[in-house]
Amino acid sequence: MSRLICASAELPDGGDGLRFMVDTANGAQAAFVLRWRGEVFAYLNQCAHVALELDWNPGKFLDADGEFLICAAHGALYQPDSGVCVSGPCRGKSLPRLAVSEQNGNIYLEAQT
Ligand code: FES
């Protein structure tokens with residue numbers, strides 16, 4: 001069972017991400033989806049350092065160079081395609097990844113296992 005998140009056109013490559021809510025075993029949690037180097041990735045919007053949301057303005061998840069996801073609080077940098085923290089206080093930890101797919105011009109959240 002998948003859930004429509006947005007239209008593909010709403011996620012320009014290397015542009016703003018889109019925030020949404022996802023139901024988890026711990027209740028509703030903030031999440032985001034973005035397109036990076038042509039592929040779509042989604043994660044819980046919760047830093048691995050302290051459970052704060054990453055974006056410094058709604059939808060602003062990438063650093064100035066568009067190379068990494070950056071946490072607004074203390075600057076942790078995450079690989080956009082894996083969610084692994086490569087710099088900052090939570091180096092080596094990861095953002096929880098969510099399964100998404102792109103079909104017929106839309107982005108879908110897949111059932112989480
Ligand atoms: S809360 Fe994200 S780096 Fe500290």
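**Entry 1: burial**

I count a residue as buried when its relative accessible area is under 20%. The model I am reading is a predicted one. I looked up Leu-69 to start. Its relative accessible area is 0%, so I put Leu-69 down as buried. Leu-69 belongs to strand S5, which runs over residues 69-70.

I then listed what Leu-69 touches, leaving out residues up to four places away in sequence. The list includes Phe-32, Leu-34, Tyr-43, Phe-61, Leu-62, Tyr-78 and Leu-95. I also checked one distance from Leu-69 to the start of the chain. Ser-2 is 67 residues away along the chain, and the two C-alpha atoms are separated by 25 Å.

**Entry 2: the nonpolar cores**

Which residues have the most contacts inside the largest nonpolar core? I found Leu-69 and Tyr-78, in a core of 16 residues. Strand S3 (27-36) and strand S4 (39-44) each supply at least two residues of this core. The largest share is from S3, with three residues.

I noted a second core, lying apart from that one, with 13 residues. Among them are Ile-5, Val-22, Leu-98 and Leu-109.

I went back to Tyr-78 for its contacts, again without residues up to four places away in sequence. Tyr-78 touches Leu-69 and Phe-68, and its list also includes Leu-54, Val-84, Lys-93 and Leu-95. Three cysteines are on the list too: Cys-47, Cys-85 and Cys-90.

**Entry 3: the cysteines**

How many disulfides does the model have? I got a count of zero. A disulfide is a covalent bond between the sulfur atoms of two cysteines. I used a cut-off of 2.5 Å between the sulfur atoms. For Cys-90 the nearest cysteine sulfur is that of Cys-85, at 3.6 Å, and Cys-90 is in no disulfide.

Is Cys-90 buried or exposed? Its relative accessible area is 2%, so I wrote it down as buried. Cys-47 has a relative accessibility of 7%, so Cys-47 also counts as buried.

**Entry 4: the sheet of four strands**

I traced an open sheet with the strand order S2-S3-S4-S8 and antiparallel pairing. Strand S2 (18-24) and strand S8 (97-98) stand at its edges. Each has a single partner strand, so one side of each has no neighbour in the sheet.

I followed the pairing of S2 with S3, which is antiparallel and runs over seven bridges. As one position to find on screen, I marked Asp-23, which stands opposite Ala-28 in S3.

**Entry 5: the sheet of three strands**

I traced another open sheet, with the order S1-S10-S9 and antiparallel pairing. Which strands are at the edges? They are strand S1 (3-7) and strand S9 (100-103), and each pairs on one side only. Direction ignored, neighbouring strands in this sheet are turned by 30° against each other on average.

S9 pairs with strand S10 (residues 106-109) in the antiparallel sense, over four bridges. Here I marked Gln-103, which stands opposite Asn-106 in S10.

**Entry 6: the annotated stretch**

I checked the UniProt record, which is an unreviewed entry. Its annotation "domain: Rieske" covers residues 3-109. Over those residues I read 0% helix and 42% strand. The end C-alpha atoms of the stretch are 5 Å apart.

Methods: Residues numbered from 1 in each chain as written. Predicted model: local features only at pLDDT ≥ 70, side-chain atom pairs only at ≥ 80, totals over all residues. Heavy atoms only, no water. Core = buried A, V, L, I, M, F, W, Y, C linked by side-chain atoms within 4.5 Å. Buried < 20%, exposed > 50% of the residue type's maximum accessible area, 1.4 Å probe, protein only. Contact = heavy atoms within 4.5 Å. UniProt positions renumbered as here; feature names shortened; annotations may be inferred. Pairing = 2+ DSSP bridges. Axes fitted to C-alpha atoms, helices over the stretch in contact; angles between N-to-C directions.
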